[in-house]
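Hi,

Here is the structure I promised to pass on. Have a look at it first, and then read on for my notes on charge pairs and nonpolar cores.

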Amino acid sequence: MPKPSFKSGFVAIVGRPNVGKSTLMNQVIGQKIAIMSDKPQTTRNKIHGVYTSEEMQIIFLDTPGIHKRQSKLGDYMNSTALGTLSEVEAVLFLADVSEGFGGGDRFIIERLKEVKTPVILVLNKIDKIQPEELLPMIEEYSKLYNFAEIVPISAMLGNNVNTLLDQISKYLPEGPQYYPEDQVTDHPEQFVCAELIREKILHLTREEVPHSIAVTIEDMRVQDNGVVYISAVIFVERDSQKGIIIGKQGALLKEIGKLARHDIEHLLGSKIFLELWVKVKKDWRNQERVLRDLGFNRD
């Protein structure tokens, strides 16, 4: 049972695309629940990660990267990220110090000025710069916004992440333990499995494919032999993209399945049989009905 002084609350992670938001949450949670990629704008839904200690429980919302919209899917991703800010106890504004301050950071800071939620500036990837470069960056960000805290970290290496958790706890109210201590996400297993498959596609395909894909789990069940059967559909926008994902004689699709199977077995703790299908949905990112069918709801 939680202690009488137990704290709990919701914390949003926002930032430009590809600054390490998913990496940070996976580091805190201790296992992969959000996909990681070197390609920007890969997170599409609010991923709820749950961190529990003896003193507190934090429910992290890893939002899509805020960016200039290019499609209805882009609209959805922006509205999801910005709509999160008023729903939480604190906001982590993640910035990539190896890239330096940019127009995208300024855009987000202007949005942060519209909410009253405490904002913690998290300067990520400090392992990629020299120590003397950090202070000027802190001063630059501090001129634009009155951050509640400023914490430099390396999400990939885990440097200073415990300090960040300590700072977050200052802004959490006393509250209940919403989830069991061994639960790391409130998303169903099907959602995380689909995301792990999508991650492998992002790693293995060329530039024109990544944002044109969506993955849904059509069937997931435990067979009599104890093996988990999973049937997943990969949706693309064009026939040419279907050919890319399948690859010569199905080689790339087999590699996607092999890599995804490894991560999913680790997630589920059991052997799986993974069946992948590739289907074309023309221009799905700009069709409201298709976006709803694929789970990209605005509410």
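Let me start with one charge pair: the side chains of Arg-16 and Asp-105 form a salt bridge, with an N to O distance of 3.3 Å. Arg-16 sits in the loop between strand S1 (7–15) and helix H1 (21–29), while Asp-105 belongs to helix H3 (residues 103–112), so this contact ties together parts that are 89 residues apart in sequence. Please keep in mind that this is a predicted model.

Are the two partners buried or exposed? Arg-16 is buried, at a relative accessible area of 17%. That value counts as buried because the cut-off is under 20%. Asp-105 is buried too, with a relative accessible area of 0%.

In total, the structure holds 8 salt bridges. Here are some others you may want to look at.

Asp-96 and Lys-125 meet through their side chains at 3.2 Å, N to O. Asp-96 is in strand S4 (residues 90–96) and Lys-125 is in the loop between strand S5 (119–124) and helix H4 (134–142), so the pair links parts that lie 29 residues apart in sequence. Both of these residues, Asp-96 and Lys-125, are buried.

The salt bridge between Arg-198 and Glu-195 (3.1 Å, N to O) is a local one, within helix H6 (residues 189–204). Its partners are 3 residues apart, so about one helical turn separates Arg-198 from Glu-195. Arg-198 and Glu-195 are both buried. There is also a network: Glu-199, Lys-200 and Asp-263 are joined by salt bridges that share partners.

Now for the nonpolar side. As background, nonpolar side chains in soluble globular proteins tend to be buried together. In this model, the largest nonpolar core has 26 residues. Which residues have the most contacts inside it? They are Ile-197, Ile-201, Ile-230, Ile-234, Ile-245, Ile-264 and Leu-276. At least two residues of this core come from each of H6, strand S7 (214–222), strand S8 (228–236), helix H8 (251–268) and strand S9 (272–280). H6 gives the most, with 8 residues. So helix H6 holds the Arg-198 and Glu-195 pair and is also the main contributor to the largest core.

A second core, separate from that one, has 25 residues, including Met-25, Leu-92, Leu-94 and Val-151.

Happy to talk it through whenever suits you.

Best wishes

Methods. Residues numbered from 1 in each chain as written. Predicted model: local features only at pLDDT ≥ 70, side-chain atom pairs only at ≥ 80, totals over all residues. Heavy atoms only, no water. Salt bridge = Lys/Arg side-chain N within 4 Å of Asp/Glu carboxyl O. Helix = DSSP H or I, 4+ residues; strand = E, 2+ residues; numbered from the N terminus. Buried < 20%, exposed > 50% of the residue type's maximum accessible area, 1.4 Å probe, protein only. Core = buried A, V, L, I, M, F, W, Y, C linked by side-chain atoms within 4.5 Å.
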